[in-house]
Amino acid sequence: MSQPTIESILQEKRLFNPPAEFSQGARIKSLEDYEAIYQKAAADPEGFWAELAEQELDWFQKWDQVLDWQPPFAKWFVGGKINISHNCLDRHLTTWRRNKAALIWEGEPGDSRTLTYAQLHREVCQMANVIKDLGVTKGDRVAIYMPMIPEAAIAMLACARIGAPHTVVFGGFSSEALKDRLVDAQAKLVITADGGFRKDKVVPLKPAVDAALADNAAPSVENVLVVQRSKENVAMTPGRDHWWHDLQAGASYDCPAEPMDSEDMLFILYTSGTTGKPKGVVHTTGGYNLYTHVTTQWGFDLKDTDVFWCTADVGWITGHSYIVYGPLSNGATSVMYEGVPRPSNPGCFWDVIEKYGVNIFYTAPTAIRAFLKAGEHVPNARDLSSLRLLGTVGEPINPEAWMWYHLVIGGGRCPIIDTWWQTETGGFMITPLPGATPTKPGSATRPFPGILADVVDLEGNPVADNEGGYLVIKHPWPSMMRTVYGDDDRFRRTYWEHIPPQDGKYVYFAGDGARRDEDGYFWVMGRVDDVISVSGHRLGTMEIESALVSHPAVAEAAVVGRKDELKGEEVFAFVTLEGTFSPSDQLKAELKQHVVQEIGAIARPGEIRFADGLPKTRSGKIIRRFLRNLASGEALSGDASTMEDQSVLEKLREGD
């Protein structure tokens, strides 16, 4: 594969049109169709969303007002009554989908389970009744701390059914991180499991819950409901702890969905800031239901025959929106997988695709780079011909990884949707529509209809084409976060006050740097704190990382800024090498010169440190704040409980 030049990294010129056959069968068939829809939505956003809400969702009572916008606080479909569990389950039971597979689950040890819509509805109703019997009423918060098993989705839908907001805590979080979230949300019930399987090991969960609740540290918690998954021996506190299967056995299948106000809280999902306690992102019912429904349908060009697989964990927003709520609201078949690629089976993702005939595959660039490193022979040994659409999520994807994904996994025939969005946005905001939008490797392309995005300077003025700036959204959208739980002031400060209002109009500050090219395509450069200013020149870390990864010796790279008295900041790069290459001063010099050739002398790394691995969260995101600490010789800052492998930091401290 040829290596990208400066043109392909900074001003990617390769353009991939949607395959003609794909476009012919697509919901939105051409760029002209997209532009017509986009302009219609931009001219009348409220009318656009209201029409879709009426067409696509079941409402118990129609709204009185589409949007009540009191910046920075939005209310959508004011006065409307709806239930997302009803929209994901009940309304499909009167159609042929009743006996269609809703969830296909594959466990890491190889066990599996399929639930039809009728079966899933029955189990959700049973669990909703169990939760009510444990004293949970409408408005009470329920924490879900689970492995990737069907009961996690069942618990979410059961909470939504009775109007109890859930807060899903990723099963890889520590007991301390769990405790902080239980306390902040004032959770009344914790739903967990004895343990789960990950990378050929049992990950204990119930002991972490016990530690979080020790010494009455989270006094709001009254009960703990435990799924028997790993069959480990766990302590059960009498009166507080209950086995899921015991309580389910006697529960009624009848539990009508509670009519919820459109603005009733659906869930709190905690997202870490660089410092301070995690932010409890609040999402409400009606707008979130609509936006995840429509983005799933249009963004993935969803068909009734599709088997849809998003590889995220339900502990993250991607799992909420594109494993559970978006696909099930559409009556799709959604795959859940408990495991991750691991030494015993680096090709497990390809096994799942082959076994279930997956048509739509949505994963993270970090995973794609790991697949690339493992080699083409791994996916080539499986039949991936069922795939018709690929997607990426979680971070910008470098062009070389995009090309590998396109050619090796998609066989050159599958459109790729590179999606930009956040926990706070609820669903993806900038994305190609696969039958309509020509794609450029590394660009999320153009905003979804109804999303008014821009790139501005710190005063809020639009910047010129191909000039770096700050990504903002200029009009409310239905699935936007409503506030930080219990902290309206933090919500206002974090998202609405970085860019001053112009003519009284507030804009949402995404915290990401971006540029927009002459075709109106957005290139997300990463978090603003991942943009390095060298001698007054703003350099996106992703662009430098892409240059490094394009060298044949480099498997993965992470770049941070380090203070420099002369230049303000200099580039500090952490690099993991492909298996056949060894660290050396000569290779360091070669890589520095390679960056100069690809981007320019301004981007030359001041230092390169070789590493066996990079500090990552369990969802695969590089934790750059730790790398900044290491580069500056500072003590590590912030919570390390989300790290996949904490030994990586020790090795990095030792240098190369």
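This is a short tour of a predicted model, stop by stop.

**Stop 1: the seven-stranded sheet**

Select β5, β4, β17, β16, β18, β19 and β20. In that order, these seven strands form an open sheet with mixed pairing. β5 (112–116) and β20 are the edge strands, each pairing on one side only. From one strand to the next, the twist averages 15°.

Zoom in on the β5 edge. Strand β4 (residues 101–106) pairs with β5 in the antiparallel sense, over five bridges. Pick Ile104 to find one of the contacts: its bridge partner in β5 is Thr114.

**Stop 2: helices on that sheet**

Now add helix α7, residues 150–162. Helix α7 lies across β4, β5 and β17 (333–337), and it runs at about 30° to β5. Next, add helix α16, residues 399–409. Helix α16 packs on the sheet and touches β18 (360–363), β19 (389–392) and β20. The direction of α16 makes about 155° with that of β19.

How many of the residues of α16 are buried? The count is 10 of its 11 residues, so the helix is mostly covered. Among the buried residues are Trp402, Trp404, Tyr405 and His406. Step past the end of α16 to Gly411, which follows the helix and has a positive phi, near 60°.

**Stop 3: a parallel stretch**

Select strand β8, residues 189–193. Five of its five residues are buried, so β8 is largely enclosed by the rest of the structure. Which residues cover each face of β8? Leu189, Ile191 and Ala193 lie on one side, Val190 and Thr192 on the other, and all are buried.

Show the neighbours of β8 next. Strand β6 (residues 142–145) pairs with β8 in the parallel sense over four bridges. Here Val142 has Leu189 as its bridge partner. Strand β11 (residues 223–227) also pairs with β8 in the parallel sense, over five bridges. To find this pairing, pick Ala193 and its bridge partner in β11, Val227.

**Stop 4: aromatic rings**

Colour Phe, Tyr and Trp. The structure holds 39 aromatic pairs. Go to Tyr322 and Phe428, a stacked pair with 5.0 Å centre to centre and 20° between the planes. This pair links distant parts of the chain, 106 residues apart. Tyr322 sits in helix α12 (residues 317–329), while Phe428 is in the loop between β20 (416–418) and β21 (453–456).

Are these two rings buried or exposed? Tyr322 counts as buried because its relative accessibility is 0%. Phe428 is buried too, with a relative accessible area of 0%.

Widen the selection to Phe48, Trp49, Tyr291, Trp298, Phe300, Phe308, Tyr322, Tyr362, Trp421, Phe428 and Phe448. Ring pairs link these residues into a cluster.

**Stop 5: charges over rings**

Show the side chains of Lys440 and Tyr521. Lys440 lies over the face of Tyr521, at 4.6 Å from the ring centre. Then move to Arg625 and Phe626. The charged end of Arg625 sits over the Phe626 ring, 4.8 Å from its centre.

**Stop 6: the four-stranded sheet**

Select β21, β22, β24 and β25. These four strands form an open sheet in that order, and the pairing is antiparallel. The edge strands are β21 and β25 (522–527), each pairing on one side only. The twist averages 45° from one strand to the next.

Look at the β21 edge. β21 and strand β22 (residues 469–473) pair in the antiparallel sense over four bridges. Ala453 has Ile473 as its bridge partner in β22.

**Stop 7: cysteines**

Display the sulfur atoms. How many disulfides does the structure hold? It holds zero. Start with Cys348, which is in no disulfide. The nearest cysteine sulfur, that of Cys310, is 15 Å away. Cys348 is buried, with a relative accessible area of 2%.

Then pick Cys414. Why does its sulfur form no bond with Cys310? The Cys310 sulfur is the closest cysteine sulfur, but at 17 Å it is too far for a bond. Cys414 is likewise buried, at 2% relative accessible area.

**Stop 8: an enclosed helix**

Finish on helix α18, residues 541–549. Nine of its nine residues are buried, so α18 is largely enclosed by the rest of the structure. Click along the helix: the buried residues include Thr541, Met542, Glu543, Glu545 and Ser546. Ile544, Ala547, Leu548 and Val549 are buried as well.

Terms used:
Residues are numbered from 1 along each chain as its sequence is written. This is a predicted model: local features need pLDDT of at least 70, side-chain atom pairs count only at pLDDT 80 or more; totals for chains, interfaces and linings use all residues. Side-chain values use heavy atoms; hydrogens and water are left out. Buried means under 20% relative accessible area, exposed over 50%, partly exposed in between (1.4 Å probe, protein chains only). Helices (H or I, at least four residues) and strands (E, at least two) are DSSP runs, numbered from the N terminus. Rings of Phe, Tyr and Trp (its six-membered ring) pair if their centres lie within 6.5 Å; planes under 30 degrees apart count as stacked, over 60 as edge-to-face and the rest as tilted. A charge sits over a ring if NZ of Lys or CZ of Arg is within 6 Å of the ring centre and within 35 degrees of the ring normal. Two strands pair if DSSP finds at least two bridges between them. Axes are lines fitted to C-alpha atoms, for helices over the stretch in contact, and angles run from 0 to 180 degrees between N-to-C directions. Contact means heavy atoms within 4.5 Å. A disulfide is a pair of cysteine sulfur atoms within 2.5 Å.
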